[in-house]
Amino acid sequence: MDKKLVRVSAALIVKNKSFLAALRPVNKKLGGFWELPGGKVEPNEDPKDTCIREIREELNCNIKVNDKITVCTFDYPDFILQMDVFECELIKDNYPSLIEHSALQWVNAQNIFDFKWVPADRDFLPLIKEKYLL
Ligand SMILES: Nc1nc2c([nH]c(=O)n2[C@H]2C[C@H](O)[C@@H](COP(=O)(O)OP(=O)(O)OP(=O)(O)O)O2)c(=O)[nH]1
């Protein structure tokens, strides 16, 4: 049987040459790995709107979504991921809250590869480091 294609939108929330990473809870799929905040695109939803909605749900804050950085495709054992990654910024006076994740962390050029990232994200982190953190 063909694997299911799962469409996801992820937010690279950039601030002062750092971006926000979130730790997936251990009881979830890919638990204990770090990811970009975001989630599944709903039917007929614009992927940019997915980012805005998910960041409100997961971090209780408002973001502005800028350009698409990359589309990441990854073949997981049980599904195929197709994830749009957008450059985002926090709207003034918005601060992320820990709601659905186990931890949040600002990541910079020095510590980016110290985190245990979800497998799909490992592919595009060098690009992010070069473009946004240096
Ligand atoms: N948000 C996010 N998801 C990612 C990233 N990299 C990556 O492989 N994924 C995967 C993990 C999940 O399988 C899927 C995102 O969907 P989700 O956030 O709704 O996942 P979930 O496990 O919380 O949801 P569910 O299946 O329990 O409903 O994409 C990433 O950087 N950010």
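Which strands and which helix each supply at least two residues of the shell around the ligand? Keep that question in mind while you open the model, which is a predicted one, and in which the mean pLDDT of the chain is 97, with 100% of its residues reaching 70 or more. For the complex, the predictor gives an ipTM of 0.96 and a pTM of 0.96.

**The ligand and its shell**

Select the ligand, and then the residues that surround it, of which there are 16, the closest being Glu-35, Leu-36, Gly-38, Gly-39 and Ala-120. To answer the opening question, colour strand S1 (4–15), strand S4 (38–40), strand S6 (79–90) and helix H2 (119–122), since each of these elements supplies at least two residues of the shell. If you colour the shell by residue class instead, you will find 9 nonpolar, 2 polar and 5 charged residues in it.

**The annotated span**

Next select residues 4–130, which an unreviewed UniProt entry lists as "domain: Nudix hydrolase". The C-alpha atoms at the two ends of this span lie 32 Å apart, and the span is 18% helix and 42% strand.

**The nonpolar core**

Hide the ligand and turn to the largest nonpolar core, which has 26 residues, and in which Ala-11, Leu-12, Ile-13 and Cys-88 are those with the most contacts inside it. At least two residues of this core come from each of S1, S2, H1, strand S5 (63–75) and S6, and S1 gives the most, with 6 residues. In soluble globular proteins, nonpolar side chains tend to be buried together.

Now centre the view on Cys-88 and show what surrounds it: leaving out residues up to four places away in sequence, Cys-88 touches Ala-11, Leu-12, Ile-13, Cys-51, Ile-63, Lys-64, Val-65 and Asn-66.

**Ile-55 in helix H1**

From there, move to helix H1 (residues 47–59) and select Ile-55, which lies in it. Is Ile-55 buried or exposed? Ile-55 counts as buried because 25 other C-beta atoms lie within 10 Å, where 20 or more are required. Apart from its neighbours within four places in sequence, Ile-55 is in contact with Ala-11, Pro-37, Cys-61 and Ile-63. Draw a distance from Ile-55 to Ala-11, and you will find their C-alpha atoms 7.9 Å apart, although the two residues are 44 residues apart in sequence.

**Leu-5 in strand S1**

Go back to strand S1 and select Leu-5, which lies in this strand. Leu-5 counts as exposed because it has 10 C-beta neighbours inside 10 Å, and the limit for an exposed residue is 12 or fewer. When residues up to four places away in sequence are not counted, Leu-5 touches Ile-80 and Gln-82. A distance drawn from Leu-5 to Cys-72 gives a C-alpha separation of 12 Å for residues that are 67 residues apart along the chain.

**Two loop residues with positive phi**

The last stops are in loops. Select Leu-30, in the loop between strand S2 (18–23) and strand S3 (34–35), and look at its backbone, where phi is positive, at about 55°, although Leu-30 is not a glycine. Leu-30 is partly exposed, with 15 other C-beta atoms within 10 Å.

Finish at Asp-93, which is placed in the loop between S6 and strand S7 (103–107). Phi of Asp-93 is near 65°, again a positive value in a residue other than glycine, and Asp-93 is exposed, with 7 other C-beta atoms within 10 Å.

Methods:
Residues are numbered from 1 along each chain as its sequence is written. This is a predicted model: local features need pLDDT of at least 70, side-chain atom pairs count only at pLDDT 80 or more; totals for chains, interfaces and linings use all residues. Helices (H or I, at least four residues) and strands (E, at least two) are DSSP runs, numbered from the N terminus. Two residues are in contact if their C-beta atoms, placed from the backbone, lie within 7 Å. A residue is near a molecule or strand if its C-beta atom, placed from the backbone, lies within 6 Å of it. Ala, Val, Leu, Ile, Met, Phe, Trp, Tyr, Cys and Pro count as nonpolar, Asp, Glu, Lys and Arg as charged, and the others, Gly among them, as polar. UniProt positions are given in the numbering used here, feature names are shortened, and annotations may be inferred rather than shown by experiment. pLDDT is the predictor's confidence in each residue, from 0 to 100. A nonpolar core is a set of buried Ala, Val, Leu, Ile, Met, Phe, Trp, Tyr and Cys residues joined through C-beta atoms within 7 Å.
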